[in-house]
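Please look at the sequence and the structure shown here, and keep both in view while reading the report that follows.

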Amino acid sequence: MAASAGHLRPGRYLALFALIVVVLYALVFFTGGGKPTPKLGIDLQGGTRVTLTARTPDGSTPTKESLNQARQIIESRVNGIGVGGTEVLLDGNNVVITVPGSQGDEAKNLGRTAKLGFRKVVTSQPVAPQPQQQPGQPPASQPGQPPATGAPSSNATPPPASSGAPSTKPGGGGAPGAAPAQQPPDGSVDAQAAKEIQEAKAIRQNPALVPANPSDPAAQAAQKAAAEKAFAALNCTPNAKDPLIGNDDPKLPLVACGDKDTNKYLLEPEFLPGTEISNASSNYNRERGQWVVDLSFKSAGTKVWADFTSKNTNQQAAFVLDTNVVSAPTIQVAILDGNTQITGKFSQTEAKQLSDILKYGSLPLSFASSDATTVSATLGLASLQAGLIAGGIGLLVVFVYCLFYYRLLGILTILSLGLSGLLVYAVLVLLGRWIGYTLDLAGVAGLIIAIGITADSFVIYFERLKDEIREGRTFRSAVPRGWVRARRTILASDGVSFLAAAILYIIAVGDVKGFAFTLGMSTVLDLVVVYLVTHPLVAMVSTSKSKFLSDPKHLGLGAVQQLGSQRKPARVGRAHVKEA
């Protein structure tokens, strides 16, 4: 049997709700140090979202471990360059970088593989100047040229005449003019991309390029033919795509472009990997009047570098970053302390980016930027305003309906919705600080739909009250009985909504997750408001001594009560006949 409304003690429930609100807003205003506003996504405040698609040499799906490692390294790069509010998330086999505000340009280089290695230069040749292309004329192919014997001369760590700043464009590709391979939706490398990688390896990493026995005439002839073929196949034109970025084999020789696309280099296998770098920093060299990147090696790397520079005086050592020769200085003296310098006519930004990338490590996978979306701050503000207007219209419609149909109970509905909004706002602010949750346009849609779910709980309760009054009970006795029956339906309804939101959040990707998250969160908070606010307020009205508050006509229950009073005597009459 349900307890009467007088035994409910609604003041305790309302006090508990008030305590929850006070604690939440104390956390909002007095902890975290941030603004008391939710964290907005790029579609609401503007920004850039870059989607990086993983590539593997054999076209297979990348492992979860390598994707997680790549995400952690990219996060370290983000922290190193000080881009605030950036998120790095895994979305299937893709890494999604979200940068709010106007710092989007920084995100476009965060997916650079940064696979650094040190190789000895065998020979180099200048890139043939490209003829001016006439409109409608196909680009001319680049003929092969014999290797040049001259090498740029410099001090122990100065740049060669051809060195330059690292560029975000790839250095070269397989066949000249080859179009980049399209990535499939699942993020794995398709067969065409894998084929391009293997073909480029077969030509530009042919073992015959550095024969084991250089004095053998047959080996010399094979080396010359392989070098001519590799130099001819290598495309160093601007914006050419290199399939070997992040996929080259450090144990094999390599034919690569210089960073300013002015020289082509034939390089020996890697003798020192970039993982032996212990620290990297960008500095301005006043003597040279240019920005440089200073490196220091770990103990093992220091020994290897000292041994190489001691045995290869007057030889060139190439600093190869993502199959691109950043610098190829001529070794003048042995460098025994492990401190060296990459110079290449860098700008301040380029030197800082390169030093940060080298400091935080290379990615275990190569990535292709499959999507980059930039939303202006003006468009984001317009989207936010549109979302707020849509939510306001939805609330207004619910308010008018409740006032027209439930009258005084409708006022309780409006009050409950307002208090529910207070809870949702505080929770959104705190989730943005604690777990980095960002409210996007899809999340706003979830909140708007949640208004209907919350109002639906009130409708279930009030309609159950009508059923009880229709059976002949007074408003006061109908409240506890109606609540016992209504709460089962409310729990079942909200349970289904929450389960649907949870499943959607688990299986969905991208913005749909934001919609599912806010929908599920609002459903849970709906139960809190119904249990701690709506039902106690209705119970207080039912026990009120005020004739105005207890009058069923003012509660939208007048017609139902008249119907109940007509049924009650008939039921009593039948009872007397039965007793007789």
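## A nonpolar patch on the surface

In this predicted model, the residues L499, I503, Y505, I506 and I507 together make a nonpolar surface patch of about 540 Å². One of these residues, Y505, has its place in helix 12, which covers residues 475–507. Y505 has a relative accessible area of 36% and is therefore classed as partly exposed, because that class lies between the limit of 20% for buried residues and the limit of 50% for exposed ones.

## A sheet of three strands

The model also contains an open sheet of 3 strands, which follow one another in the order 7-8-11 and pair in the antiparallel sense. Strand 7 (277–285) and strand 11 (339–346) stand at the edges, and each of them has a single partner strand, so one side of each is left without a neighbour in the sheet. On average, and with direction ignored, neighbouring strands of this sheet are turned by 25 degrees against each other.

As general background, the strands of a sheet are paired through hydrogen bonds of the backbone, in either a parallel or an antiparallel way. Here, strand 8, made of residues 290–297, pairs with strand 11 over 6 bridges in the antiparallel sense, and D294 stands opposite Q341, which belongs to strand 11.

## A buried alanine

Is A426, a residue of helix 10 (residues 408–434), buried or exposed? With a relative accessible area of 0%, A426 is buried, because a residue counts as buried when this value is under 20%.

The surroundings of A426 bring together parts of the chain that are far apart in sequence: A426 and V28 are separated by 398 residues along the sequence, while the distance in space from C-alpha to C-alpha is 6.6 Å. When residues up to four places away in sequence are not counted, A426 touches L24, Y25 and V28.

## Two loop residues with positive phi

Most residues other than glycine have a negative phi, and against this background two loop residues deserve a careful look. N314, although it is not a glycine, has a positive phi of about 70 degrees. N314 lies in the loop between helix 7 (299–311) and strand 9 (317–321), and N314 is exposed, with a relative accessible area of 54%.

R407 is a residue other than glycine whose phi is likewise positive, with a value near 55 degrees. The loop that holds R407 runs between helix 9 (377–406) and helix 10, and R407, at 45% relative accessibility, counts as partly exposed.

Methods
Residues are numbered from 1 along each chain as its sequence is written. This is a predicted model: local features need pLDDT of at least 70, side-chain atom pairs count only at pLDDT 80 or more; totals for chains, interfaces and linings use all residues. Side-chain values use heavy atoms; hydrogens and water are left out. Patches are made of residues with over 30% relative accessible area and no salt bridge: like charges are joined within 9 Å, nonpolar side chains (Val, Leu, Ile, Met, Phe, Trp, Tyr) within 5 Å. Accessible areas come from the Shrake-Rupley method with a 1.4 Å probe; for residues, only the protein chains shown count as cover. A salt bridge is a side-chain nitrogen of Lys or Arg within 4 Å of a carboxyl oxygen of Asp or Glu. Helices (H or I, at least four residues) and strands (E, at least two) are DSSP runs, numbered from the N terminus. Buried means under 20% relative accessible area, exposed over 50%, partly exposed in between (1.4 Å probe, protein chains only). Two strands pair if DSSP finds at least two bridges between them. Axes are lines fitted to C-alpha atoms, for helices over the stretch in contact, and angles run from 0 to 180 degrees between N-to-C directions. Contact means heavy atoms within 4.5 Å.
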